[in-house]
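Work through the exercises below with the coordinates open. Each one pairs a task with a stepwise solution.

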Amino acid sequence: MSSAQDPFYIVREEIQESIDKLQSNFHRWEQTASNTGEYVHLTKELLTSCESIEWQVDELEKTISVASRDPSYYGLDEVELSRRRNWTGSAHKQVGTVKRAIEKGKSNVATSKYQDTSRTNHYSAQDNDDFISSESDRQLLLMRQQDEELDELSESVQRIGGVGLTIHEELSGQERILNDLSLEMETTSNRLDFVQKRVAMVMKKAGIKGQIMLIVFLVVLFIILFVLVFLT
């Protein structure tokens, strides 16, 4: 099985993307002042991401453990199993480094607050206000984005409804045309049947001599009409 089709490599790629995002947010966290609402928010987000990634790596390690019981059945060898174990170990190490740094940062902030109670109270209130303000801004932005998405969805529904109404009107018009055509064909068919019956009745009453005369009359009439239409 190629690496592109192997579920391990598919999951590994997703986890690696999560680790890359974690490290990017961690660098942002390192550059953020500890007395801001953004720092508090990033701390919670990073710890949650660490726990999520660790759980995913643990699950991936379980699949490696299962595959190691019968590698040939899964088309693997010891080299590939070792490579996969090395990657999961590296992933655990990367996440663990970030997690320990964040927990240490939280501990340092807590110690600093404990040493200066009055200053801590001041900054705590400010942090809470900043955090509440940040959360309010995020909620307002989220609501605005949802309103825009709903407006776009409403416009799409209206466009689809208009197209559906146009199609319905066209189908209704075509149905009326077909009905009218069917009625005309039925009327013409009835008239033709009537004429055929009348001709048959006349031919029957006229006898052979009368039929010959009628045919001659019709031929002469056709010639006259032909001359009038095409030669004059």
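**Exercise 1.** Classify Glu38 by its relative accessible area, then find its salt-bridge partner.

*Solution.* The model is predicted. Step one: Glu38 has a relative accessible area of 34%. Partly exposed covers the range between under 20% and over 50%, so Glu38 is partly exposed. Step two: its side chain meets that of Arg28 in a salt bridge, 2.8 Å from N to O. Step three: Glu38 sits in helix H2 and Arg28 in helix H1, so the pair ties together parts 10 residues apart in sequence. Arg28 is also partly exposed, at 43%.

**Exercise 2.** Which helices does the salt bridge between Lys99 and Glu54 tie together?

*Solution.* Step one: the two side chains meet at 3.5 Å, N to O. Step two: Lys99 belongs to helix H3 and Glu54 to helix H2, so the bridge joins parts 45 residues apart in sequence.

**Exercise 3.** Analyse the pair Arg83 and Glu80.

*Solution.* Step one: the N to O distance in this salt bridge is 2.3 Å. Step two: the residues are 3 apart in helix H3, about one helical turn. Step three: Arg83 is partly exposed at 42%, whereas Glu80 is buried at 12%. Step four: add Arg84, which is linked with Glu80 and Arg83 in a network of salt bridges. The whole structure has 5 salt bridges.

**Exercise 4.** Locate Trp29 in the largest nonpolar core.

*Solution.* Step one: this core has 24 residues; Trp29 is among those touching the most other members, with Ile15, Leu22, Ile53 and Ile102. Step two: helices H1, H2 and H3 each supply at least two core residues. H2 gives the largest share, 10 residues. Step three: beyond neighbours within four places in sequence, contacts of Trp29 include Tyr39, Leu46 and Ile102.

Terms used: Residues are numbered from 1 along each chain as its sequence is written. This is a predicted model: local features need pLDDT of at least 70, side-chain atom pairs count only at pLDDT 80 or more; totals for chains, interfaces and linings use all residues. Side-chain values use heavy atoms; hydrogens and water are left out. A nonpolar core is a set of buried Ala, Val, Leu, Ile, Met, Phe, Trp, Tyr and Cys residues joined through side-chain atoms within 4.5 Å. Buried means under 20% relative accessible area, exposed over 50%, partly exposed in between (1.4 Å probe, protein chains only). Helices (H or I, at least four residues) and strands (E, at least two) are DSSP runs, numbered from the N terminus. Contact means heavy atoms within 4.5 Å. A salt bridge is a side-chain nitrogen of Lys or Arg within 4 Å of a carboxyl oxygen of Asp or Glu.
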